[in-house]
Structure formats: structure tokens, C-alpha cells
Amino acid sequence: MTGYLAFLKKEFFEYTKTFKLFIMLMVFAVFGITNPLTAKLLPEILGSLIPDSVVITLPEPTAYDAWTQFFKNATQIGLLVMVILFSSVLSSELSKGTLINLLTKGLSRTAVILSKYTCMVLLWTTSIALCFGLTYGYTVYLFPKDETSNLLFSVFCLWLFGLFLMAALLFSATLTRSSYGCLLVTGIVVVICMILNIIPAVHRYNPISLSTDNMGLIMNSIKASALYSTIVITCLLSLIFVSLSIVVFRKKQI
Amino acid sequence: MGVLEIRQLYKRFGHHEVLKGLDMDVPEHSIFGFVGQNGAGKTTTMKIILGLLKPDNGSVTVCGEKVEYGGSGTNRHIGYLPDVPEFYGYMDPMEYLKLCGEIAGLTKSQIKSRSEELLELVGLKEHRKKKIGGFSRGMKQRLGIAQALLNEPKLLICDEPTSALDPIGRKEILDILLAAKGKTTIVFSTHILADVEKICDRIAVLHGGKLALCGTLSEIRERHRLHGFILEFGSEKEASCFENAEELKQPSISLSRNGSTVKVFLADGDMDGHFLLDVLSQKHIVPLKFAVMEPTLESLFVEVIR
């Protein structure tokens, strides 16, 4: 336990000192601010680009557009940035050999994996909370009349998908020695989820639904209860990935 | 009881068998020189002792506790200095030692006093607030020793601590190790034989996956004493007179003369220096010098790995 806390502190210190924390927060803060703004301004920008002779009518932007931007940016670019930043979570320590000193001080390998996962989860939680808070504030300000449903639940689903993705990332990191290998295996996991999603029967149990059904939840076209089984499955899979990471890492020759 | 006991250790990487039944005992409070060529398996052995590599067969016991691969229980007795110690470049030495101390379970005040004491010992006191990223190799090596000694280990394992350093850096590291001798047992791998002769009281030579030689330096010297003698004469005439003595014309005796110096090797175990002295007194020659040839560590090393 002392090892876990000490190493967790070191992880935070590292993310702060190497600017990774800063990059994450910046990216998500920029998204947080631009999501509602893009939604609000896009019709005007488009309108100014199209010559006056062409007449097209653009629908009046709503809060839904802002949230569409939020879920698109957070899932596509935000998660990508996060995965890239975290891809060297183990490989840099293994290839440089910085972990050897600490392991030979009596730090358990389980503590390494658990504190790394904890740190990633906390960073992701902070980032998504920041992004959500900013988007929410601006959306309420810019589109005061629009009502959304299941908003928090929808964001929770996205957050949970992030947890799943990071568990997969950590597992990939224990399997491979390089950060590219880690990215590759994580990519394969995501692609498998996407391919499986083609089968309608699997959709309800596929973790990736948590990152694709968000707008449906907000617009009430998908019932929250439809995702309950997915949530259970995702939690289980994340747990399995983290446990497997520990098992594999304990057996790894360093 | 020895601090470190290794029994029948086997390890192969692919088709390459590195260790083939290694047995080794390290008694308490010794500086144990672990010598071998590059690639002989020194680092592999050390990593197995630390539970970082999995042996194919055999057991390692540290302070009476069996080492478990992947676990780190026995590591609380051990301080380890890797051949090229790596640190987090964004930390300064104090921060790094604090992290190590917290992991080793020391209290705050212990960490503070030990860190300052050790940085003083390794001569990094004035650099204690500088980022490790800018450290030279010698400085990293010294910080590595400080880190290894932090939890007052019973066994200090150093993997080629001096190989990459300049002569002054080497001397400094050896002095630090000598200073640590009273408090801990040191196992120290190297292929620089001069370093071994300088500080080690016991050596083991690893060759072909086994210990080819093991014991205290004087024991080994005694055991491998060549029956060789150097005789220096006052003139070349005396030297050639001795060289051509009838008594020495035996197949088990080999002679070589260079000016007025004669080297004699006796292959027959029953013969010793008395025999040569008898020959000298018969010829009525008094040599200027009569010396027994001492084997150097280097000659021993070359002999066992051949």
C-alpha cells in the first residue's frame, strides 16, 4: 500500500513535470469552449462563405448541435490524444530501465499497474469533467431554452468507455515492449469492437456503444435502460483487462 | 550462514544457455568480486537474484529467504546498482531518494537524514537540487549507489559499477564501496581485474555458465601458485652455467634464459625450490635474487577461461 501511494504520487509528479497533464487539460478545455461556439457560429460562417446568389436555409442551431460537437470531439480527438499520451505508460519505464531501481527497492509489480491505472483514470476524469463543465456552461448561456434528457448519464457512459479503453491500453502495454506496439494492440481492440458492432445482436453488449449512443440518449431516441447491460459488460471487461495486466506484468522478464 | 546462496542455477535464452548449474555462496561482510567476460552471465545472475528474471532451474536464497520470481519480498534486504542506472530526469536527487525511501517504507525523518548522509557520502551534496536529467554518467552512478544504500541493505549488488567511468570516477566509486564495506555485504561484478584486486576480499570467476574459480584472493593465489621461479645472477656466465646443469636436464623442468635472468618452471609436483637451491649450492653459485613467481589475477583469469 505504501508502494502504491508513493508510486501514484510519482505518476502525478511525472504528468505535471512532463507537461502531459497540461496538454490533456488544454486540449479538453479548448474543446469545452469551442463545442457550443462552433455549434452557434457554424451557420453564420457557412452563410458568409456562400455567395448571396445561392440560397440555402440552415436550421437554427440548438443545444443538440453543441452536444453533438462535444461527443464527437471528446470521443474522436480527445480519446485519441489521451491514448497517444498514455501509450508510453509502461514502455518508457521498461526501455529506459527506470522501473528497475524501484522494483529492487521492494515496490510490488501489482502496485505499479494499479497506480498507473489509477492515475490514468483520474486524469481522464478531470479532463472530461473540465470539458463537460465548460461545454455545459456555454451551452446553457448560448441556448438557454433548449432541453436535453439523460445528459449526465450520457456523459457517464462516455467516461466509462474511457475507463475501458485505458484498461485495454494498459493490458496492451504489458503485452508489448514499445509504445507503438501498445498503440497497435489498443487499436486492434477498438477495431474488433467496431466490427462486432455491425451485428445488431451484439450492439447491446458492446462497450463501444457507450461512445456511439450518446446523442441518441440525449435526444431520447435511445432509452437509458438499453445500455444497462453494456455498462455491466464494460465494467467487467475493464476489470478483466486490469487483472490480466497484473498477471502478465508479474510474469514479465524485466 | 551466507547472505546469498545460489544453488544449481540454470538459465537459457532461446538456444543460448547462459547459466549451467551455477553454485555460489557469499559470506557476510565480504566484498565479493564477481568476474567474467562480457556476456558470461553476470547481469543475468544478478537479475535472477533480484527476481527480475525467471530461472529455468535452481534456487536463490537471500538472508535465508527464497527469492520468488516476479515478487519483491527479498528485495528489502538488497540494494541494487544497475550497470547504467536510469532515473527520472525531471526529478532532483532529493526528490528521487524521497520516492525510493517511501517505497522502501522508511519514515519521513529517516528519509531526510539518510538522503543527506548518503548524498554527502557520494559527493552529490551541492547538486542535490539540480535535475538528474543534466547529470553525467559518473554522477548518475554515484546517485545509483546512494539509492542502493538508502534502506541500509544487508546485501549490496553492483553490476559493473566502474566499467564506463574514467580513472578518477572509478577510484571514487571504489572508495565509496570500500567505505560501505563495514555496514553491508557487497557483490560487485566487473571485468576490470585491477578493481577486484584493489577492493575485493573474495572472488568468483564465472565461465561457461559455472564458477570456474571461487575463494578468497590469497586462497586462490595459493592454489594456483605456479611452480615457477625467477633467478637473477651476477653475470651471464653464471646464468648459463646454471642453465646447463646436468641435474636440470629433465623433461619436467623447463628453463628459459634472458641475459642473466633464468626462469624455471617445475611441472613435477614433488619438486620445489629446495631442489633448485641444492643445484645452486653444488655449482657454488649465489644468485642475486631468488624469487617464487606469484600468479597475477590476470594470468589466473586467462588460465581459467581458456
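Let's start at the surface of this predicted model, where A:Lys17, B:Arg128, B:Lys129 and B:Lys131 form a positive patch. The patch brings together residues of chain A and chain B, and A:Lys17 is a good place to pick up the thread. Why can A:Lys17 count towards a surface patch? Its relative accessible area is 36%, which makes this lysine partly exposed, and a patch takes residues with over 30% relative accessible area and no salt bridge. The members carry like charges, because Lys and Arg both count as positive.

Now follow A:Lys17 back into its own chain. This residue sits in helix H1 of chain A, which covers residues 2-17. What else does chain A hold besides that helix? Its secondary structure consists of 12 helices and zero strands, so read from the N terminus the order of elements is α-α-α-α-α-α-α-α-α-α-α-α.

With the elements in mind, take a step back to look at chain A as a whole. The C-alpha trace spans about 70 × 45 × 30 Å along its principal axes. Chain A has 254 residues, and 49% of them count as buried. Among contacts in chain A with a separation of 6 or more, 82% are between residues 24 or more positions apart.

Finally, return to the outside of chain A. Its accessible surface comes to about 11900 Å², and carbon and sulfur atoms make up 73% of that area. As for charge, chain A has 17 positive and 10 negative charges, and the mean positions of these two groups lie 23 Å apart. A:Lys17, where we began, belongs to the positive patch shared with B:Arg128, B:Lys129 and B:Lys131.

Methods: Residues are numbered from 1 along each chain as its sequence is written. Chains are lettered from A and ligands numbered from 1 in the order in which they are written. This is a predicted model: local features need pLDDT of at least 70, side-chain atom pairs count only at pLDDT 80 or more; totals for chains, interfaces and linings use all residues. Side-chain values use heavy atoms; hydrogens and water are left out. Patches are made of residues with over 30% relative accessible area and no salt bridge: like charges are joined within 9 Å, nonpolar side chains (Val, Leu, Ile, Met, Phe, Trp, Tyr) within 5 Å. Accessible areas come from the Shrake-Rupley method with a 1.4 Å probe; for residues, only the protein chains shown count as cover. A salt bridge is a side-chain nitrogen of Lys or Arg within 4 Å of a carboxyl oxygen of Asp or Glu. The place of a charge is taken as NZ of Lys, CZ of Arg, CG of Asp or CD of Glu. Helices (H or I, at least four residues) and strands (E, at least two) are DSSP runs, numbered from the N terminus. Buried means under 20% relative accessible area, exposed over 50%, partly exposed in between (1.4 Å probe, protein chains only). Contact means heavy atoms within 4.5 Å.
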